[in-house]
Structures are given as structure tokens and as C-alpha cells.
Amino acid sequence: NGFDAYAHHPYYGAPTETPSTPPPAGANGQPSTAVTLGNFEVLIAEVTRLWGNKRIWITEYGYQTNPTDAIAGVSWAKQAQYLREAVAIARKHKRVDMFIWFLMIDETRNEGWQSGLIGSDLVRKPAFNAFKQAVG
């Protein structure tokens, strides 16, 4: 057990999934192998089974926005709503003591990552204030 915390990136699989949406079933109706915030208890149980009472760190999480990402993005309002929901889910689990939102500022390339709290044009999205309130 040569580590202190287990880090995970519990991203959503599709923009229609909220932070509390469990991942869809796997092939042939088998349980999903994905761990999102919607089934985070699975991760905690497995970490406990394998390594004991380790800390859990969410070292990368975010929702891309549309605009600019028309495929994986959600509206700016939904990003703020989902951010508040995600932080609330993480706080519910006493072993989670780190939550990092990815990114602060959107990438300037359209094919880049667009989950920033601030757009690439440096305009603050509603998620900026939602993050300040949620973690403040």
C-alpha cells in the first residue's frame, strides 16, 4: 500500500448525462466498467476492498460547453448547474478531499478542451461564480 490517495477522473460519457446519472450498462447488459460521479460508490467500495481506507482525489473533472463544442458540450447554464451538482456529490463522500475542475480557461483551438470557467475570449462563464460559491 505504497500510496496515500487514489486519484480518479469521473467524467460523464455524453452531454445528456448529469453528474448524478449512472453510466449506461456495458455490452449485453453487463454492468458498466465506467466510474462517473453517478456511481461513485462503486469506486469507493473497490478502493476500500483493494487498499483500505485511502483518500479519494478527483483530480480532473469538467463539462465542456457549447458554444464552442457542439458535440460534447452543454449550455453555459447547464455547466454551472452541473458544477454545483458535482461538487455536492463529491462533498457527500467524506473520503474525497480534493476536487479539481478542468480547465480554468478554454483552449483557443476549437478542437481543444472547452470546459473552462472562462471562455477563450476571457469572458467569465456562469460556472465561474458557481465554482466560487460551491467551494467557498
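**Entry 1: K125**

I began with K125, which is found in the loop between β3 (96-101) and α3 (126-135). Helices (H or I, at least four residues) and strands (E, at least two) are DSSP runs, numbered from the N terminus. The model I consulted is predicted: local features need pLDDT of at least 70, side-chain atom pairs count only at pLDDT 80 or more, and totals for chains, interfaces and linings use all residues. Residues are numbered from 1 along each chain as its sequence is written, and side-chain values use heavy atoms, with hydrogens and water left out.

Is K125 buried or exposed? I found that K125 counts as buried because its relative accessibility is 2%; buried means under 20% relative accessible area, exposed over 50%, and partly exposed in between (1.4 Å probe, protein chains only).

I then looked up the polar contact of the K125 side chain, and it is made with the side chain of T65 (2.7 Å). A polar contact is a pair of N or O atoms within 3.5 Å; within protein, one must be able to donate a hydrogen and the other to accept it, and residues adjacent in sequence count only if both atoms are side-chain atoms.

Not counting residues up to four places away in sequence, K125 touches ten residues that I list here: T65, W76, Q79, D106, Q114, S115, G116, L117, I118 and G119. Contact means heavy atoms within 4.5 Å.

**Entry 2: Q79**

I turned next to Q79, which lies in helix α2. Q79 is buried, because its relative accessible area is 0%. A polar atom of the Q79 side chain lies 3.3 Å from the backbone oxygen of G116. Apart from neighbours within four places in sequence, I noted that Q79 is in contact with Y63, T65, V74, W101, S115, G116, K125 and A127.

**Entry 3: The strands**

I traced the pairing of the strands, where two strands pair if DSSP finds at least two bridges between them. Strand β1 (residues 5-8) runs parallel to strand β2 (residues 55-61), and four bridges join them. In β2, W57 stands opposite A7, and I58 stands opposite H8.

β2 also pairs with β3 in the parallel sense, over four bridges. I56 stands opposite V96 in β3. From β2 the chain crosses through helix α2 (residues 76-92) to β3, and this β-α-β crossover is right-handed. A crossover is right-handed if, with the strands pointing away from the viewer, the path from the first strand over the helix to the second runs clockwise. I recorded a right-handed β-α-β unit for β1, helix α1 (residues 40-51) and β2 as well.

**Entry 4: Helix α1**

How far apart are the end C-alpha atoms of α1? They are 16 Å apart, which agrees with the 16 Å that its 12 residues should span at 1.5 Å a residue; the expected span is 1.5 Å times one less than the number of residues.

The buried residues of α1 are F40, L43, I44 and V47. Seen down the axis of α1, these residues fall within an arc of 95 degrees, so they line one face of the helix; the arc is that of the directions from the helix axis to the C-beta atoms. An α-helix has 3.6 residues a turn, so residues three or four places apart point the same way. I saw that the buried residues of α1 pack against β1, β2 and β3. Just after α1, G52 takes a positive phi of about 90 degrees.

**Entry 5: Y6**

I closed with Y6, which is found in strand β1. Y6 counts as partly exposed because its relative accessibility is 26%. Leaving aside neighbours within four places in sequence, Y6 is in contact with L43, V47, W51, R55, I56 and W57.
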